[in-house]
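Visitor: I am new to this structure. Please take me through one part of it closely, and then show me what lies beyond it.

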Amino acid sequence: MSRGDCVAMEPRAVGVSKQDIREQIWDHMESQNLADFPRPVHHRIPNFKGSYLACQSIKDLDVFARTQEVKVDPDKPLEGVRLLALQSKKTLLVPTPRLRTGLFNKITPPPGATKDILRKCATSQGVRNCSVPIGLDSRVLVDLVVVGSVAVSEKGWRIGKGEGYADLEYAMMVSMGAVSNETPVVTIVHDCQVVDIPEELLEEHDITVDYILTPTRVIATGCKRPQPMGITWSKISWEMMEKIPVLRSLRAREQQAGKDVTLQGEHQHLPEPGRQQAVPLSADRRPPDTPGPEASSMEAASGSPPGEGAPLAADVYVGNLPRDARVSDLKRALRELGSVPLRLTWQGPRRRAFLRYPDSAAAQQAISCLQGLRLGTDTLRVALARQQRDK
């Protein structure tokens, strides 16, 4: 498609919104039959015709040649870039779908993989079958970010499909220290998706792009707008926190570091940095610093009872474990959530485990992170061990 074919796509209306631009792009691509499966393209990152050709252009970018670790979104039109990364023996990181089980999966092809096997590894099925999860504590340093887009401007302004996952993934990488403002961002789109986007539509959490690849062009945007500095917690709802467990872990970390992590619609006063937040107790529960029978037995088993005046170690009860669960399943989930305990006591036949943390504050943070965690189809029950014994 020539540049002239895209003139009708330029948003002209006064007060145009991001959704207006998305709808124009989606309608145009459908009416002109510019997309491959899956159709219709509405509410998707369009899998445009010529996407594989556009992906090949990334080989000509110095930023790709220099990269060692590349993060590529799981969208279908980016499949060609994922394949090139694997063929070039780069570390390929792909976000988990909707961030349900963590942030990244590292694609690990079998030894001696042929091109056909690598091609399968680059597909969405390969991402599921040939990958290992990367936890928050992993030392990840992403050299290049490749994102899908619905619309993008030659200035580097980008519009996604409206769910905000690409922006959130980038912000989470900033919080992890995996990317910086200097990390290049590339997007790959059809020529008709390159349109004028009013700058006033951009928000502080929106990522911008440095390079745009299409089937006919390579555009260096020269964008100087700073990338997001991290997660904007005031944009995060409690519903998102429930859906994305890794967010709860990151929030606990940033709260402990003294950052403002007030969520959308949340007006409660957060504790001052360094001060422990009071835990509401019912009348029949002993104070959290008084070890109950369960805690006492675990202290004795550890052989390291706290000295007078030292902070008491705290234990977290994890119940309702699936009957076929393994200790490795729970360990993996704890690593992904950044809630690794000092010690894990596994009682699989009784469908429970106990996690040892250095103090009650760390235990409460762990409980916050683990709420709603599933192993298989079962939602785990999580509480302070002494509270569970009292029940």
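Guide: Two strands count as a pair if DSSP finds at least two bridges between them. Keep that in mind, and keep in mind that this is a predicted model.

Start with strand β13, residues 352-357. How many bridges join β11 to β13? There are 6, and the two strands run antiparallel. Strand β11 covers residues 314-319. Pick out Asp315: its bridge partner in β13 is Arg356.

Strand β13 also pairs with β12, residues 343-347. Here 5 bridges join them, again in an antiparallel arrangement. Gln347 stands opposite Arg352 of β13. Strands β12 and β13 form a hairpin, with 4 residues between the strands. Look at Arg351 in that hairpin: its phi is positive, near 60 degrees.

Now the side chains of β13. Arg352, Phe354 and Arg356 point one way. Ala353, Leu355 and Tyr357 point the other way. Are these residues buried or exposed? All are buried. The strand is mostly covered, with 6 of its 6 residues buried.

Next, compare that strand with a helix. Helix α9 takes in residues 245-256. It has 12 residues, and at 1.5 Å a residue it should span 16 Å. The expected span is 1.5 Å times one less than the number of residues. The end C-alpha atoms of α9 lie 17 Å apart, which agrees.

Helix α9 is mostly covered too: 9 of its 12 residues are buried. Among them are Pro245, Val246, Leu247 and Leu250, along with Arg248, Arg251 and Glu254. What do the buried residues of α9 pack against? They pack against helices α7 (165-176), α8 (238-243), α11 (327-337) and α12 (360-370). After α9 comes Gly258, whose phi is positive, near 90 degrees.

Follow one of those neighbours, α7, to Glu169, which lies in that helix. Glu169 is buried, with a relative accessible area of 6%; the cut-off for buried is under 20%. Its side chain makes a polar contact with the side chain of Lys71, at 3.1 Å. Not counting residues up to four places away in sequence, Glu169 touches Lys71, Asp73, Pro95, Leu99 and Leu103.

To retrace the route: β13 is joined to β11 by 6 bridges and to β12 by 5. Then α9 packs its buried residues against α7, among others, and α7 holds Glu169.

Key:
Residues numbered from 1 in each chain as written. Predicted model: local features only at pLDDT ≥ 70, side-chain atom pairs only at ≥ 80, totals over all residues. Heavy atoms only, no water. Buried < 20%, exposed > 50% of the residue type's maximum accessible area, 1.4 Å probe, protein only. Contact = heavy atoms within 4.5 Å. Polar contact = N/O pair within 3.5 Å; in protein donor to acceptor, adjacent residues only side chain to side chain.
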